[in-house]
Amino acid sequence: MTDERVTQLPTPVWRRDFPYEAASEEEVTRREFARYLVLGAGTIAVANVGIAVWTQLRTINTGEPRALVALTDVAIGEPFLFRYPNKNDPAILVRLADREVVAFSQKCTHLGCVVYFEAGQDRWHCPCHEGNFEARTGRVISGPPTRPLGRIDVEIRDDGQIWALGKPQ
Ligand code: FES
């Protein structure tokens with residue numbers, strides 16, 4: 001004859017402290033759990049790609065026209081840092097010749113590091129992964145970036161100021 005008694009295990013301490021029970025808590029299989037993980041990771045990956053695409057496609061040439069700095073305050077071959085179109089958008093201009101000025105977003109188009117002007121090399125340089133861009137056009141010369149720097153249209157006006165032109169009228 002077999003022993004028909006069922007041994008009652010004591011309630012674990014954690015169950016007493018957190019007495020939450022769900023009717024289906026025993027029904028989540030390992031396969032379903034893995035599916036949730038894959039779905040969650042996939043959703044995060046898609047969101048990241050979307051943010052990256054939005055960042056890449058966003059043009060920075062959309063601010064209001066605004067005076068940036070007096071031409072006489074920028075020496076030839078010297079950069080000038082400013083924010084455009086918003087205070088969160090670092091930008092940089094350089095006076096290449098007496099009446100020639102170019103300006104770009106300071107964010108590298110690879111992974112967003114800050115670019116610097118290298119006067120001796122006549123280029124913009126990103127130290128993060130050795131990306132290089134042409135001084136006048138912002139076109140990629142070498143390194144991992146595939147897109148040119150975001151250009152900000154500027155002009156020297158009769159008031160002696162360098163102006164960001166903003167949106168085309
Ligand atoms: S972030 Fe500029 S080259 Fe990678």
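How many disulfides does the rule count come to? The count is one disulfide. The model is predicted.

## The disulfide

C113 and C128 are the joined pair. Their S to S distance is 2.0 Å, and a pair of cysteine sulfur atoms counts as a disulfide within 2.5 Å. The torsion about the S-S bond of C113 and C128 is about -95 degrees, so this disulfide is left-handed.

The link ties distant parts of the chain, with C113 and C128 15 residues apart. C113 sits in the loop between strand 4 (100-105) and strand 5 (116-118). C128 lies in the loop between strand 6 (123-126) and strand 7 (131-134).

## Cysteine exposure

Both ends of the disulfide are partly exposed. C113 has a relative accessible area of 22%. For C128 the value is 38%.

Which state do C108 and C126 show, buried or exposed? C108 is buried, at a relative accessible area of 5%. C126 is buried too, at 2%. The cut-off behind these calls is simple: buried means under 20% relative accessible area, and partly exposed runs from there up to 50%.

## A strand pair

Strand 2 covers residues 79-83, and strand 3 covers residues 90-97. The two pair in the antiparallel sense, over five bridges. One bridge can be placed by residue: L81 has I92 in strand 3 as its partner.

Strand 2 and strand 3 also form a hairpin. Six residues lie between them.

Notes: Residues numbered from 1 in each chain as written. Predicted model: local features only at pLDDT ≥ 70, side-chain atom pairs only at ≥ 80, totals over all residues. Heavy atoms only, no water. Helix = DSSP H or I, 4+ residues; strand = E, 2+ residues; numbered from the N terminus. Buried < 20%, exposed > 50% of the residue type's maximum accessible area, 1.4 Å probe, protein only. Pairing = 2+ DSSP bridges.
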